[in-house]
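Me: I'd like to go through this one with you, question by question. Can you take a look?

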Amino acid sequence: MKRKINICLVTKKSNKKIIEINIKEFNKIYNNSELFFNIICPEKDKSVFKKMRNKHVKIISENAIIKYDFFEKVFLTYFKKTKYYNKIKNRINWYYQQCLKIIFLETHKKYLNLIWDADTLIINKIEFFNNDFTKPINYENYYEMHTPYFLTNKIILKKLPKNFYSGINQFIAMTEKEILNFKKKLKFFLKKKDFKSLVPHVM
């Protein structure tokens, strides 16, 4: 029996060619699994991807998950009060993408999920889960340590694992267990801060 894996790609139309190649390569490399590709893009870009649509490729408008205008309003309401607002205000689109991914995971938590950076090409096989698909296998780039990510993880997780290291990667695999654990910690964080209006969307 083939394992079903959801692959989420948050993208703009500029990554169309890379996504086409990735769909072909993923299916070739992981032919022992049934893959479902979820392409999340701006409403205006949906037509660019429509020819890819089939029973294993779904095109989802960002607006169907959370509208950018609403996210921006919540983002500015909170971050304008912080001393580091000027450092991050130009990265609002990046934060919006992360919110789209989190909400996608919440609505697909019963499945095996892989969040894949849409501008990254897969070349060789990567083991995303252990042999019985009960635990994800995740990797990180040690050469790209980003202090704000580390601090954010520290705030959300509260108690960090031994030898904890915050790194960056182009993909992350998650099972229902990891999603539910993350949701629990994130829900507490959102309600404690000024993000209460985001809770119904993320949770």
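Reply: Sure, and one definition to begin with: helices (H or I, at least four residues) and strands (E, at least two) are DSSP runs, numbered from the N terminus. This is a predicted model, where local features need pLDDT of at least 70 and side-chain atom pairs count only at pLDDT 80 or more, while totals for chains, interfaces and linings use all residues. Residues are numbered from 1 along each chain as its sequence is written, and side-chain values use heavy atoms, with hydrogens and water left out.

Me: Which residue forms a salt bridge with E20?
Reply: A salt bridge here is a side-chain nitrogen of Lys or Arg within 4 Å of a carboxyl oxygen of Asp or Glu. E20 and its partner are four residues apart in helix α1, so about one helical turn separates them. The closest N and O atoms are 2.9 Å apart, and the partner is K16.

Me: Is K16 buried or exposed, or partly exposed?
Reply: Buried means under 20% relative accessible area, exposed over 50%, and partly exposed in between (1.4 Å probe, protein chains only). E20 is partly exposed at 30%. K16 has 27% relative accessibility, so K16 counts as partly exposed.

Me: How many salt bridges does the count come to?
Reply: One of them joins D117 and K101 at 3.6 Å, N to O. D117 is in the loop between β4 and α6 and K101 in helix α5 (residues 92-107), so this pair ties together parts 16 residues apart in sequence. Another joins K110 and E176 at 3.2 Å. By this rule, the count comes to six.

Me: What is the strand order in the open sheet?
Reply: Strands count as paired if DSSP finds at least two bridges between them. The sheet has five strands with mixed pairing, in the order β3-β2-β1-β4-β5.

Me: Which strands stand at the edges?
Reply: Each edge strand has a single partner, so one side of each is left without a neighbour in the sheet. The two are β3 (57-61) and β5 (171-174).

Me: How many bridges join β1 to β2?
Reply: On one side, β1 (residues 3-10) pairs with β4 (residues 112-116) in the parallel sense over four bridges, and C8 has I115 as its bridge partner in β4. Six of the eight residues of β1 are buried, so this strand is largely enclosed by the rest of the structure. With β2, β1 also runs parallel, K4 having E34 as its bridge partner there, and the bridges joining β1 to β2 number eight.

Me: N22 is found in helix α1; which residues is N22 in contact with, leaving aside neighbours within four places in sequence?
Reply: Contact means heavy atoms within 4.5 Å. N22 has 1% relative accessibility, so N22 counts as buried. With those neighbours left aside, the contacts are W116, T120, L121 and I122.

Me: What area does the nonpolar surface patch of I21, L121 and I123 have?
Reply: Patches are made of residues with over 30% relative accessible area and no salt bridge: like charges are joined within 9 Å, nonpolar side chains (Val, Leu, Ile, Met, Phe, Trp, Tyr) within 5 Å. Areas come from the Shrake-Rupley method with a 1.4 Å probe, and for residues only the protein chains shown count as cover. L121, in the loop between β4 and α6 (147-157), counts as partly exposed because its relative accessibility is 42%. The patch made by the three residues comes to about 280 Å².
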